[in-house]
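Work through the exercises below with the model open. Try each task before reading its solution.

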Amino acid sequence: MRYLMCKNTKVLNLDTYDILAGGLLPGYVKKNHPSKETYHVWMKSRYSSSSNTLARKLQGIQFGQGNRCRINRLTHALSFTDCYWEKDETETVMFQDISPYYTRFWDGLSEFNGEAAPTLYTDGCLPKKWLQSGELFKQGDLSLEIECINLCKACGIPVEDGYITTNGICVTNFTSDMIMFENAKASGEFDEYDFTDEDIVSKFGKSGVQMLVIDAIIGNGDRHAGNFGYLRNADSGAYIGMAPLYDFDHALDSTATDKPDILISDMLQACKAYTDEISRICNISLKCDNNIFHKRAQLILDLI
């Protein structure tokens, strides 16, 4: 028998798909009934995108480009953002023996010896990899992303932390062995291809409003269902609330400042009950150094 584990609790029998701990089931699997198909859909939501060249390189040099089931077995499908993993009934290994939260993992700099490989289980497209420090390195000129992080901080909005480093940026991990992250598409609460700003406000309330306002100000056109989500208790599976904001590499997809684009107009429609919060964030944004952010914030203020 093989099991999906959450820390050291058996959650799902991966041979029969019988539920062993319903409260700890991944959201998508629970919402859509446990089966081979729903499990595989959920697992795909955890994989590094094929366009993540750093992940693809690690995968190719050690495991080959295909056969994800084999990779899952060899690495136990361990991530650095949740406490799920796969385990055979005959194995005596425990979560704390192999989890990246507790021990060193394979980062491609040494011989693979059966460790976790969390870089292969990090959703997203940019070249990125986990460092032994527990930080996520993202390759490229991403100084604009740090500007967005700093704007969120100035507004008192929960956000990942980050700093500029050689050839890219490093962002901190906001999860732990006690708090898991589940992105919106993995939660089963959002249709990956069909959700609206109103859906975000309905699910997350003020926290969702804050994300939509920030995205409108920075012109972020890439807030897909893998770019926001929930925090969950790793022991009970309980949903705690919205995760800190992250992934701003598409800021300034829109630079319109003379009239509202769809990011601004949709946000204003969905968030019309939160005018005070919109005003608060925009007024703080007027003080930032980025001229486009400043002008888009002023445009929003002029419209409310």
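**Exercise 1. The three-stranded sheet**

Task: find how many bridges join S9 to S10, and place these strands in their sheet.

Solution. Three bridges join S9 to S10, and the two strands run antiparallel. Strands here are DSSP runs of E with at least two residues, helices are runs of H or I with at least four, and both are numbered from the N terminus. Two strands pair if DSSP finds at least two bridges between them. The model is predicted: local features need pLDDT of at least 70, side-chain atom pairs count only at pLDDT 80 or more, and totals for chains, interfaces and linings use all residues. Residues are numbered from 1 along each chain as its sequence is written, and side-chain values use heavy atoms, with hydrogens and water left out.

Step 1: take one bridge. Tyr230 has Met242 of S10 as its bridge partner.

Step 2: follow the connection. S9 and S10 form a hairpin with five residues between them. Gly237 sits in the turn, with a positive phi of about 85 degrees.

Step 3: add the other neighbour. S8 and S9 (residues 229–233) pair in the antiparallel sense over five bridges. Asn183 is bridged to Gly229 in S9.

Step 4: assemble. The open sheet has three strands in the order S8-S9-S10, with antiparallel pairing. Its edge strands, each pairing on one side only, are S8 (179–183) and S10 (239–242). From one strand to the next, the twist averages 30 degrees. Angles run from 0 to 180 degrees between N-to-C directions, and axes are lines fitted to C-alpha atoms, for helices over the stretch in contact.

**Exercise 2. The four-stranded sheet**

Task: work out the order of the strands in the open sheet of four, and what packs on the sheet.

Solution. Step 1: start with S4 and S5 (residues 136–139). Three bridges join these antiparallel strands. In S5, Leu136 is the bridge partner of Trp130, and Lys138 is that of Lys128.

Step 2: inspect the turn. S4 and S5 form a hairpin with five residues between them. Gly134 in this turn has a positive phi of about 90 degrees.

Step 3: move across S5. Four bridges join S5 to S7, again running antiparallel. Leu136 has Val171 of S7 as bridge partner.

Step 4: write the order. It is S4-S5-S7-S6, with antiparallel pairing. S4 and S6 (162–165) are the edge strands, each pairing on one side only. The twist averages 25 degrees from one strand to the next.

Step 5: add the helix. H6 (residues 143–154) packs on the sheet and touches S5, S6 and S7 (168–171). The direction of H6 makes about 155 degrees with that of S6. Contact means heavy atoms within 4.5 Å.

**Exercise 3. Two helix pairs**

Task: describe how H9 packs with H10 and with H8.

Solution. Step 1: take the geometry of H9 (residues 206–218) and H10 (residues 262–270). They pack at about 155 degrees, with axes 8 Å apart. H9 and H10 are therefore roughly antiparallel. Angles over 145 degrees count as roughly antiparallel, under 35 as roughly parallel, 65 to 115 as roughly perpendicular and the rest as oblique.

Step 2: list the contact. H9 supplies Leu212, Val213, Asp215 and Ala216; H10 supplies Leu263, Ile264 and Met267. These divide into six nonpolar, no polar and one charged. Ala, Val, Leu, Ile, Met, Phe, Trp, Tyr, Cys and Pro count as nonpolar, Asp, Glu, Lys and Arg as charged, and the others, Gly among them, as polar.

Step 3: turn to H8 (residues 197–204). H8 and H9 pack at about 145 degrees, with axes 6 Å apart. The contact includes Ile200, Val201 and Phe204 of H8 and Val209, Met211 and Leu212 of H9. Its residues divide into six nonpolar, two polar and two charged.

**Exercise 4. Loop contacts**

Task: locate Tyr101 and name residues that Tyr101 touches.

Solution. Step 1: Tyr101 lies in the loop between H5 and S4.

Step 2: leave out residues up to four places away in sequence. Tyr101 then touches, among others, Phe80, Cys83, Phe95, Asn173 and Asp177.

Step 3: check one spacing. Tyr101 and Asp82 are 19 residues apart in sequence and 9.8 Å apart in space, C-alpha to C-alpha.
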